[in-house]
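Thanks for coming. I will go through one structure this morning, starting with the surface and the overall layout and then moving to a few individual places.

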Amino acid sequence: MIHEHPLAYVLGLEGIALMRSFTGEHDRAFVERRFAEIRRLLDDEALADAGVDAVRVDTVEGYRIWSATYDGPNSAFDLDEPYIKELIGPLPVGDALDAACGTGRIAGLLAERGHRVIGVDSSPDMLAHARTRVPGAEFREGDLTGLPVADDAVDLVVCSLALAHVTDLVPVLAEFARVLRPGGSLVIADIHPEGVARGIVPPVR
């Protein structure tokens, strides 16, 4: 059982700001505003009992719960989609893999550009949404460390917002290399490690 309290998160961010100030990034007024804000937050009775106990679950169970509402609104999509579109736009049409495809968001972009798309995800519930969203693509249940895709099968692999859940990148990247044809392209979009350290990618719970 873990305990998550929004006040703990916000005070942690305040602490990061104060540490940066201590190393010379900000003036006295900035520090005093942080102190005042911390006092206000600690005195806010509405936040006193805002914490919740949560149980960690694996990604399959977590995304089963999240699958019905995953597609929106999800602000992360606004961050990565413009760059993914820019990167895949000039690439020749071919066979493409949407690795950890979720509800088929990227598979849809690939299909719109004429690619023959395979989507792989470990969540049956997310795959059900993907099959409805992109009926012309082929979706398979599988894991990033053992993709159900043949060697040298695709010209392009796209993996978005998934690697933050991976504890060891080596086998995953080896799988991407295995399924890509010589000269193929790999596009990865994910959360910056500093963001992960700040809890932007929460444990699945």
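**Surface, layout and some local details**

The protein exposes about 11800 Å², and carbon and sulfur atoms supply 57% of that area. Please keep in mind that this is a predicted model.

On the general layout, there are nine helices and seven strands in the protein. The C-alpha trace spans about 60 × 35 × 30 Å along its principal axes. The protein has 205 residues, and 36% of them count as buried. If we take the contacts with a separation of 6 or more, residues 24 or more positions apart account for 67% of them.

Now helix α1. It covers residues 6–22, which is 17 residues, and it reaches 24 Å from its first C-alpha to its last. That is close to the 24 Å expected at 1.5 Å a residue.

Which residues of α1 are buried? They are Leu7, Glu14, Ala17, Leu18 and Ser21. Looking down the axis of α1, these buried residues fall within an arc of 100°, so they line one face of the helix. The cover over the buried residues of α1 includes α2, residues 28–43, and α3, residues 45–48. On the other side of α1, Ala8 and Met19 are exposed. After α1 comes Gly24, with a positive phi near 105°.

There is also a nonpolar patch on the surface to point out. Tyr9, Val10, Leu13 and Ile16 make up this patch, which has an area of about 290 Å². Ile16 is in helix α1. Its relative accessibility is 34%, so Ile16 counts as partly exposed.

Next, the salt bridges. The count comes to 12 salt bridges. I will take three of them, two in helix α2 and then one more.

In the first, the side chains of Arg28 and Glu32 meet, at 2.9 Å from N to O. Both residues lie in helix α2, four residues apart, which is about one turn of the helix. Arg28 counts as exposed, at 66% relative accessibility. Glu32 is partly exposed, with a relative accessible area of 42%.

The second joins the side chains of Glu37 and Arg34, at 3.1 Å from N to O. Glu37 and Arg34 are three residues apart in helix α2, so about one helical turn separates them. Is Arg34 buried or exposed? At 14% relative accessibility, Arg34 counts as buried. Glu37 is at 27% relative accessibility and therefore counts as partly exposed.

This pair also belongs to a network of salt bridges, which links Glu14, Arg34, Glu37 and Arg40. Glu14 came up earlier, as one of the buried residues of α1.

The third salt bridge is formed by Arg140 with Glu138, where the closest N and O atoms are 2.9 Å apart. Arg140 counts as partly exposed, at 24% relative accessibility. Glu138 also counts as partly exposed, at 42%.

Now to backbone angles. Asp152 is not a glycine, yet it has a positive phi of about 50°. Where is Asp152 found? It is in the loop between β5, residues 138–141, and β6, residues 154–160. Asp152 is partly exposed, with a relative accessible area of 43%.

Leu161 is another residue other than glycine with a positive phi, in this case near 55°. Leu161 sits in the loop between β6 and α8, where α8 is residues 169–179. What is the relative accessible area of Leu161? It is 18%, and the cut-off for buried is under 20%, so Leu161 is buried.

The last item is a pair far apart in sequence. Tyr83 is in helix α5, residues 75–88. At 56% relative accessibility, Tyr83 counts as exposed. Tyr83 and Val187 are 104 residues apart along the chain, and their C-alpha atoms are separated by 9.7 Å.

To recap the part on α1 and α2: the buried residues of α1 line one face of that helix, and α2 is part of what covers them. The salt-bridge network includes Glu14 and Arg34, with Glu14 buried in α1 and Arg34 counted as buried too. That is what I had for today.

Definitions and conventions
Residues are numbered from 1 along each chain as its sequence is written. This is a predicted model: local features need pLDDT of at least 70, side-chain atom pairs count only at pLDDT 80 or more; totals for chains, interfaces and linings use all residues. Side-chain values use heavy atoms; hydrogens and water are left out. The expected span of a helix is 1.5 Å times one less than its number of residues. Buried means under 20% relative accessible area, exposed over 50%, partly exposed in between (1.4 Å probe, protein chains only). The arc is that of the directions from the helix axis to the C-beta atoms. Contact means heavy atoms within 4.5 Å. Patches are made of residues with over 30% relative accessible area and no salt bridge: like charges are joined within 9 Å, nonpolar side chains (Val, Leu, Ile, Met, Phe, Trp, Tyr) within 5 Å. Accessible areas come from the Shrake-Rupley method with a 1.4 Å probe; for residues, only the protein chains shown count as cover. A salt bridge is a side-chain nitrogen of Lys or Arg within 4 Å of a carboxyl oxygen of Asp or Glu.
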